[in-house]
Amino acid sequence: MKLFLPKQHGAWAMLIIPFWLGVIEGGFMWKHIPFFIGWLLLYLATYPMLLLFKRKKLQYYTKWTLVYMIPALILLLIPLLERPSIIYFGLLMIPFFMINAYFTSKNQDRAFMNDISAIFAFSVAGLASSYLGHGVMNIETLVFTFLTSVLFFVGCTFYVKSMIREKKNIQFKWISWIYHFLLVAVWFGVGYWMVAIALIPSLLRAVTFYGRSFSPKQIGIYEIINSAIFFIIMAIQILILK
């Protein structure tokens, strides 16, 4: 049986980076492993679940929703039993899921606000994984796990759209460039120079790659490299602060 997998390859970085930054910030425990697998399966389940809102191939999408959702819920019981209050993070994701469902029902999957909603939902997972580790929510978790992930992936959204769907939109190009520049400048300005350094590759690729005829595959490969650099430097920043 061929697996039914999401086509949004960029979502894999959003699935992995916030979660494991949260693990680093909150401290690793073995329950993070079933938590992450459950989180992965939950993501895989939400893809066909969202497609149900298109009102096509309902039986097919329902089948794949259940294939992924049932083991996901079983695995997510493990962190839930460890810290029952972690369920609040799941509830926090629901409004973002509803926004995604709305755009899917309107066949506007590539809408900018749809992407932003997904980014927030994925970044909440970083808060949950950190909370599982030490059972508290502090400013370091909010800033270096949640906020930095949101800002980084919003920049990725700007960049990818400027290379594909909005590549002829000069105004969008400048929005992307200014956004990336301000990110680096602000983090340097508030004294967190390692965060700024983690975001410099994003700024450089947004400016230097613009207008080049890269294929979607090439764009994806460069984004994997950029995401890996961001994750490594942010992990070092979090460990230093600990």
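How many nonpolar, polar and charged residues are in the lining of the second largest pocket? In this predicted model, that lining has six nonpolar, three polar and three charged residues. Here is a quick tour of the pocket, the nonpolar cores and one helix residue, L21.

**The second largest pocket**
- Its volume comes to about 150 Å³.
- The residues lining the second largest pocket are S162, M163, I164, K167, K168, Y210, G211, R212, S213, F214, P216 and I219.
- Two or more of these lining residues come from each of α6 (139–163) and α9 (216–241).

**The nonpolar cores**
- The largest nonpolar core holds 65 residues, and W39, F122, L199 and F230 have the most contacts inside it.
- Helix α5 (residues 112–134) supplies the largest share of this core, with 11 residues.
- A second, separate core has eight residues, among them Y159, F209, F214 and I219; F214 and I219 also appear in the lining of the second largest pocket.
- Setting aside neighbours within four places in sequence, L199 contacts F152, L183, V184, W187 and F230.

**A look at L21**
- You will find L21 in helix α1 (residues 11–26).
- L21 counts as buried because its relative accessibility is 0%.
- Not counting residues up to four places away in sequence, L21 touches F144, T145, S149, F230, F231, M234, A235 and I238.
- F230 is thus a shared partner, listed among the contacts of L21 and among those of L199.
- From L21 to F97, the C-alpha to C-alpha distance is 22 Å, with their positions 76 residues apart in sequence.

Key. Residues numbered from 1 in each chain as written. Predicted model: local features only at pLDDT ≥ 70, side-chain atom pairs only at ≥ 80, totals over all residues. Heavy atoms only, no water. 1 Å grid on protein atoms, 1.4 Å probe; cavity = no way out; pocket = protein on both sides within 12 Å on 5 of 7 lines; lining within 4 Å. Points joined across faces, edges and corners; volume = space filled by probe spheres on them. Helix = DSSP H or I, 4+ residues; strand = E, 2+ residues; numbered from the N terminus. Nonpolar A, V, L, I, M, F, W, Y, C, P; charged D, E, K, R; others polar. Buried < 20%, exposed > 50% of the residue type's maximum accessible area, 1.4 Å probe, protein only. Contact = heavy atoms within 4.5 Å. Core = buried A, V, L, I, M, F, W, Y, C linked by side-chain atoms within 4.5 Å.
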